[in-house]
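Biologist: I would like to learn how to read a model like this one, feature by feature. Could you walk me through it?

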Amino acid sequence: MNKVVSKFIDTHSLSVEEYESLLNNITSDEKEVLKQEAVKLATSVYGNKIYARGLIEFSNYCKNNCYYCGIRNGNKNCDRYRLTKEQIYDCCDLGYELGFRTFVLQSGEDLFFNDDLMVEIISHIRSKFPDCAITISIGEKEKSTYQKYFNAGANRYLLRHETANKKLYETIHPKEMSFDNRMRCLQDLRDIGFQVGAGYMVECPHQTNYDLALDLKFVEEFKPEMCGIGPFIPHKDTDYKNEKAGTLEKTLLLLSITRIILPRVLLPATTALGTINPLGREMGVEHGANVVMPNLSPTEVRSKYLLYDNKICTGDEAAECKNCMSARMKRIGYELVIDRGDFKKE
Ligand code: SAH
């Protein structure tokens, strides 16, 4: 076995140069070794349990213009919607009945949902479902705003760093957006006490193995409790419409590597992974992932929250998604559990 691979398995840590060399030179046999190591580690911490998060995509309005994203502000073809707070609560009621104990409230950066409204929504869900975790994923805010969400009862926050290379960040985002501010947000969330989710897309335009090596080093050092990793998939109304999607193989490799770096991390097999391959999420779990995020959004709006083309499950009812996911996990020897699924500290 290549020296870098054995060093990685022994120490769970590499330099940026070594991560890059790992990605550049890895053979299929070595990938298999990493896969097995990742599954061994995931199983030692979480057994064969898979945690489910009920995803509520409550608005596709967004003030930002991330070049890769289908709901970016500049996309005039995007049919915009916003759920009312009552509709959001209905999603939670249904989700709770279906056995979800984490609700993920995700949206574009929609200023309609100001601090007062978000606090009202979070407080309502917190008091109605004291045994559930509330995860927020609505982008970059001031620290004082994050603190209000936390005080209202939110437990976790997903904010992918997108890339740990400032130069690449500036290439795939317009100049109004700032790498330093995104990093500031992640640190603020951590300081406030959230379980924090970072993450990035695999093989997005302009990304090299060096960039991915920086992502791996960032993950190793920041130690997010959650890490969202999915393939980039082009969207027809973006400048990247003719770019190639990220591959299954590369995404699976990065999932395994991430599991080895952070044996306890909550690692989703993402919807994007399920979109590029019908068994993508199953393979994600078989490479070290331990979380899935079935959709709880009302069917009427599903097909409007399109970050990328061909997104799966846009026509299904929440119950169908849940049952389908349970069956998928069962088929590969895992159990979708009714559990908050918190990060397990040592
Ligand atoms: N607005 C929020 C959350 C919604 S976007 C935020 O900024 O955090 C959620 C994630 O979807 C993004 O972080 C990005 O990594 C991913 N995403 C966006 N466009 C994508 C695309 N074309 N292909 C794959 N993933 C994409």
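**Reading a predicted model**

Modeller: Let's start with a single residue: Gly274 is buried, with a relative accessible area of 4%. Keep in mind as we go that this is a predicted model.

Biologist: Where does Gly274 sit, and which residues does Gly274 touch beyond four places in sequence?

Modeller: Once you know how covered a residue is, look for its element and then its contacts. Gly274 belongs to helix H11, residues 271–276. Setting aside residues up to four places away in sequence, Gly274 touches Gly280, Arg281 and Ile312. You can also check a distance along the chain against one in space: Gly274 and Gly284 are ten residues apart along the chain, and their C-alpha atoms are separated by 8.9 Å.

Biologist: Now the sheets, please. In what order do the six strands of the open sheet come?

Modeller: With a sheet, read the strand order, then the direction of pairing, then the edges. Here the six strands follow the order E2-E3-E4-E5-E6-E7, and the pairing is parallel. Strand E2 (54–59) and strand E7 (226–231) are at the edges with a single partner strand each, so one side of each has no neighbour in the sheet. On average, neighbouring strands of this sheet are turned by 20 degrees against each other, direction ignored.

Biologist: How many bridges link E6 and E7?

Modeller: Strand E6, residues 195–202, pairs with E7 in the parallel sense over six bridges. To find the register on screen, pick out Met201, which stands opposite Gly230 in E7.

Biologist: Which strands form the open sheet of three, and which are its edge strands?

Modeller: The same reading works again. The order is E8-E1-E9, with parallel pairing. E8 and E9 are the edge strands, each pairing on one side only. Strand E1 (residues 49–52) and strand E9 (residues 335–337) run parallel and are joined by three bridges; Ile50 has Leu336 as its bridge partner in E9. E1 also pairs with E8 in the parallel sense, over two bridges, and Ala52 stands opposite Val292 in E8.

Biologist: Which helix lies across E1, E8 and E9?

Modeller: For a helix over a sheet, ask which strands it covers and at what angle it runs. H14 lies across E1, E8 and E9, and it runs at about 140 degrees to E9. Ala318 is a good residue to look at in H14, which spans residues 318–331. Ala318 is buried, with a relative accessible area of 4%. Leaving out neighbours within four places in sequence, Ala318 is in contact with Leu94, Leu98, Asn295, Leu296 and Arg302. Ala318 and Pro294 are 24 residues apart in sequence, yet 7.6 Å apart in space from C-alpha to C-alpha.

Biologist: And polar side chains: is Asn290 buried or exposed?

Modeller: For a polar residue, take the accessibility, then look for polar partners. Asn290 has a relative accessibility of 2%, so Asn290 counts as buried, the cut-off being under 20%. Asn290 lies in the loop between helix H12 (280–285) and strand E8 (291–292). The side chains of Asn290 and Arg259 are joined by a polar contact of 3.0 Å. Residues up to four places away aside, the contacts of Asn290 include Lys49, Ile50 and Tyr51.

Biologist: With which side chain does the side chain of Asp188 make a polar contact?

Modeller: The partner is Arg184, at 2.8 Å. Asp188 is placed in helix H8, residues 179–192, and counts as buried at 11% relative accessibility. Not counting residues up to four places away in sequence, Asp188 touches Lys143 and Tyr146.

Biologist: Last, the ligand. How many residues surround the ligand?

Modeller: Begin with the surrounding residues, then go through the polar atoms. There are 18 residues around the ligand, the closest being Tyr68, Ser107, Arg160, Glu162 and Ile233. A nitrogen atom of the ligand lies 3.0 Å from a backbone N or O atom of Tyr68. An oxygen atom of the ligand is 3.3 Å from an N or O atom in the Arg182 side chain. A polar backbone atom of Leu307 is 3.4 Å from a nitrogen atom of the ligand.

Biologist: How much of the ligand's accessible area does the protein cover?

Modeller: On its own, the ligand has 550 Å² of accessible area, and the protein covers 92% of it.

Notes:
Residues are numbered from 1 along each chain as its sequence is written. This is a predicted model: local features need pLDDT of at least 70, side-chain atom pairs count only at pLDDT 80 or more; totals for chains, interfaces and linings use all residues. Side-chain values use heavy atoms; hydrogens and water are left out. Helices (H or I, at least four residues) and strands (E, at least two) are DSSP runs, numbered from the N terminus. Buried means under 20% relative accessible area, exposed over 50%, partly exposed in between (1.4 Å probe, protein chains only). A polar contact is a pair of N or O atoms within 3.5 Å; within protein, one must be able to donate a hydrogen and the other to accept it, and residues adjacent in sequence count only if both atoms are side-chain atoms. Contact means heavy atoms within 4.5 Å. Two strands pair if DSSP finds at least two bridges between them. Axes are lines fitted to C-alpha atoms, for helices over the stretch in contact, and angles run from 0 to 180 degrees between N-to-C directions. A residue is near a molecule or strand if one of its heavy atoms lies within 4 Å of it. Accessible areas come from the Shrake-Rupley method with a 1.4 Å probe; for residues, only the protein chains shown count as cover.
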